[in-house]
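I opened this notebook to record what I looked up in one model, beginning with its ligand and ending with its strands.

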Amino acid sequence: MLVAQGLTKGFGGPPVVEDVSFTLARGAITGLIGPNGAGKTTLFNLLAGSLRPDRGTLALDGTRIEGRRPDEVFALGMARTFQIPRPFPAMTVLENVMLAPPGQQGERFWTNWLRPGAVAAEERRVRERALHWLDFVGLTRLAQEPARVLSGGQRKLLELARVLVAEPRLILLDEPGAGVAPPLLATIMEKIVALNAQGTSFLIIEHNMELVMSLCRPVLVLAQGKLLMEGEPEAVRADRRVVEAYLGAGIA
Ligand SMILES: Nc1ncnc2c1ncn2[C@@H]1O[C@H](COP(=O)(O)OP(=O)(O)O)[C@@H](O)[C@H]1O
Ligand SMILES: [Mg+2]
C-alpha cells in the first residue's frame, strides 16, 4: 500500500532520518517503535507531507507522493494524528470534528463553503458525518461541550474522529496511548481493531508495549534515524539489537 525507499531528512546537521526503506501491507496494523529522538515523528512528517525528504521516494498505492503537501496526501487517502492533539479549546467537540484535520484542509473544502446554495447542504452532510464518527469513538455525550474539558485520552479520541470523517484508507497514529488512562486506552485499541476489520490500514508509533504486542504486526524499529529491524512483535522484543538501542538511549 505504501512503499518508502531511501527516505532521508536532516535539519542542517546529520540526518535525523537516514535511508529508511519499508513497505506497508494493505490491511495491516504496522507498529513503529524506537527510543525517544529516533526520528519516528520526523518519519511521520515525511510520510504525511509536513516535511519534504532530502532524498528518497514514497508511493501510496502506486502514486508518488514524496514532497506533496499534507492536504494532497490527505486527499489521496492517508491521514495522520499528532503526538500532542491540540483541539480548538473554545469550540465544541462537534465543531472541532467538523473542521478538516489540522494541516490537512484542502482548497476544495473552502470552495464548497464559498459556493452559495451548497453551503447549507454541505454543512448538514459534514455535521452528520461528524456525529457518526463522534458516536463511533464514544464522545457523543460530550459533543456540545467545549473541547477544553476533554481529558488527554478523550482528545486522542476526538482527533481520531476528526481524521475518520475523511474515511482514509491508511491512518498514521503518533503515540495514541501516550498519557491515556487504561480504560480509555482499551477503547482506543478496540476502535483501531474495529476500523482495521473494515479495511483501514494503520501505522502506529507507540511506546506502550501491550498495545504494540497485541495490535501490531509487523513492527518496524527505528534507532538513530535508521531502520534497525522489522519483524513479528515477539521477535522484535526479544532482539538484542533492539534492547541495546533502548539501553543506549537510556530509556529501557
Ligand atoms: N524541525 C526540526 N529541526 C531540528 N531538529 C529536529 C526537528 N524535528 C526533529 N528534530 C530532531 O530530530 C530528532 C528526531 O526527533 P523525532 O522525530 O521527534 O523523534 P521521535 O519521534 O522518535 O522521538 C531529534 O534529535 C530532534 O531533536
Ligand atoms: Mg515522536
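Which element gives the largest share of the shell around ligand 1? I found that helix 1 does, with three residues; helices (H or I, at least four residues) and strands (E, at least two) are DSSP runs, numbered from the N terminus.

Before going on I noted the conventions: this is a predicted model, in which local features need pLDDT of at least 70 and side-chain atom pairs count only at pLDDT 80 or more, while totals for chains, interfaces and linings use all residues. Residues are numbered from 1 along each chain as its sequence is written, chains are lettered from A and ligands numbered from 1 in the order in which they are written, and side-chain values use heavy atoms, with hydrogens and water left out.

**Ligand shell.** I listed the residues around ligand 1, counting a residue if one of its heavy atoms lies within 4 Å, and obtained F11, V16, P35, N36, G37, A38, G39, K40, T41 and T42. Sorted by class, the shell holds four nonpolar, five polar and one charged residues, where Gly counts as polar.

**Polar contacts.** I then looked up polar contacts, meaning pairs of N or O atoms within 3.5 Å. A backbone N or O atom of G37 lies 2.8 Å from an oxygen atom of ligand 1, a polar backbone atom of G39 is 3.0 Å from a ligand oxygen, and T41 brings a polar side-chain atom to 2.9 Å from an oxygen atom of the ligand. Ligand 1 taken alone exposes 560 Å², of which the protein buries 54%, by the Shrake-Rupley method with a 1.4 Å probe.

**Sheet.** I traced an open sheet of six strands in the order 6-7-8-3-9-10, with mixed pairing; two strands pair if DSSP finds at least two bridges between them. Strand 6 (78-80) and strand 10 (226-231) stand at the edges with a single partner strand each, so one side of each is left without a neighbour in the sheet. From one strand to the next the twist averages 15 degrees, taken from axes fitted to C-alpha atoms, with angles from 0 to 180 degrees between N-to-C directions. Strand 9 (residues 219-223) runs antiparallel to strand 10 and is joined to strand 10 by five bridges, and L222 stands opposite L227 in strand 10.

**Helix packing.** I checked contacts (heavy atoms within 4.5 Å) and found helix 6 (residues 152-164) lying across strand 6 and strand 7, at about 160 degrees to strand 7.

Definitions and conventions:
A polar contact is a pair of N or O atoms within 3.5 Å; within protein, one must be able to donate a hydrogen and the other to accept it, and residues adjacent in sequence count only if both atoms are side-chain atoms.
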